[in-house]
Amino acid sequence: MTYISSGCVRTRDESLPLRLKLILDNLNEVIMQYRPEQVAVEQVFVNINPKSTLLLGQARGAAICAAVLNNIKVSEYTALQIKQAVVGNGHAKKDQVQEMVVRLLKLPGKPGMDAADALACAICHAHGESGLGGIFAAGYRMKRGRLV
């Protein structure tokens with residue numbers, strides 16, 4: 001794995017449709033610049049505040065649309081899968097994920113928490129495609145701890 005770039009799209013206090021357009025436009029620019037072949041996103045979980053969950057889901061939808069409009073394959077992972085792939089513990093804390101992202105990608109410093117989460121999702125995807133996830137996609141499954 002090689003680190004190329006990371007960042008965060010920041011929106012202003014505008015209407016929701018304009019904020020979603022800003023996300024879509026910014027991610028489209030990133031796609032045009034870096035030409036990714038695949039995109040990995042974290043699945044939304046229901047948290048304490050339903051309004052925040054709904055807004056996060058809409059922002060996530062804009063991100064997925066940016067990929068789909070550019071004919072890029074989208075893969076989705078739960079927070080548990082991401083933490084398991086990066087830290088080895090599905091219940092790891094955010095700072096543990098951030099530290100492992102630094103180590104795995106040999107970064108000179110710590111990325112912000114949002115960037116670390118996104119990079120962790122990419123690492124999870126990379127592990128899934130070449131690790132057990134790729135094996136399972138090929139039609140194999142685990143039975144009593146063995147691949148069948």
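A salt bridge is taken here as a side-chain nitrogen of Lys or Arg within 4 Å of a carboxyl oxygen of Asp or Glu. In the predicted model described here, the side chains of Arg-12 and Glu-14 satisfy this criterion, with an N to O distance of 3.3 Å. Glu-14 has a relative accessible area of 31% and is therefore classed as partly exposed. In total, the structure contains 6 salt bridges.

A further salt bridge joins the side chains of Asp-25 and Lys-21, for which the N to O distance is 2.5 Å. Because Asp-25 and Lys-21 are 4 residues apart in helix α1, about one helical turn separates them. Both partners are partly exposed: the relative accessible area is 31% for Asp-25, and the relative accessibility of Lys-21 is 46%.

The side chains of Lys-110 and Glu-99 also form a salt bridge, at 3.9 Å from N to O. This pair connects distant parts of the chain, since Lys-110 is placed in the loop between α4 and α5 whereas Glu-99 belongs to helix α4, the two being 11 residues apart. Lys-110 is exposed, at 55% relative accessibility, while Glu-99 is partly exposed, at 28%. Through salt bridges with shared partners, Glu-99, Arg-103 and Lys-110 are joined into one network.

The interior was examined next. The largest nonpolar core comprises 14 residues, of which Ile-82, Val-101, Leu-105, Leu-107 and Ala-120 touch the most other members. At least two residues of this core are supplied by each of α3 (79-87), α4 (94-105) and α5 (113-130). Helix α5 provides the largest share, 5 residues. For Leu-107, the contacts beyond four places in sequence are with Tyr-3, Val-101, Val-102 and Leu-119. A second core, separate from the one above, consists of 7 residues, including Ile-31, Val-39, Val-41 and Ala-67.

The segment before α1 contains Val-9, a residue classed as partly exposed because its relative accessible area is 30%. When residues up to four places away in sequence are not counted, Val-9 touches Leu-22, Ile-23, Asn-26 and Leu-27. Val-9 and Asp-25 are 16 residues apart in sequence, and their C-alpha atoms are 10.0 Å apart in space. Asp-25 is the partner of Lys-21 in the 2.5 Å salt bridge described above.

Nonpolar side chains also occur at the surface. Ile-4, Val-30 and Tyr-34 together make a nonpolar surface patch of about 300 Å². Of these residues, Tyr-34 lies in helix α1, which spans residues 16-34. With a relative accessible area of 40%, Tyr-34 is partly exposed. Since a patch admits residues with over 30% relative accessible area and no salt bridge, the value of 40% places Tyr-34 above the area cut-off.

Lys-93 is located in the loop between α3 and α4. Its relative accessibility of 58% means that Lys-93 counts as exposed, given that exposed residues are those over 50%. Lys-93 and Lys-83 are separated by 10 residues in sequence and by 8.5 Å in space, taken from C-alpha to C-alpha.

Technical notes
Residues numbered from 1 in each chain as written. Predicted model: local features only at pLDDT ≥ 70, side-chain atom pairs only at ≥ 80, totals over all residues. Heavy atoms only, no water. Patch = residues over 30% accessible without salt bridge, like charges linked within 9 Å, V, L, I, M, F, W, Y side chains within 5 Å. Areas by Shrake-Rupley, 256 points an atom, 1.4 Å probe, with all protein chains shown as cover. Buried < 20%, exposed > 50% of the residue type's maximum accessible area, 1.4 Å probe, protein only. Core = buried A, V, L, I, M, F, W, Y, C linked by side-chain atoms within 4.5 Å. Contact = heavy atoms within 4.5 Å.
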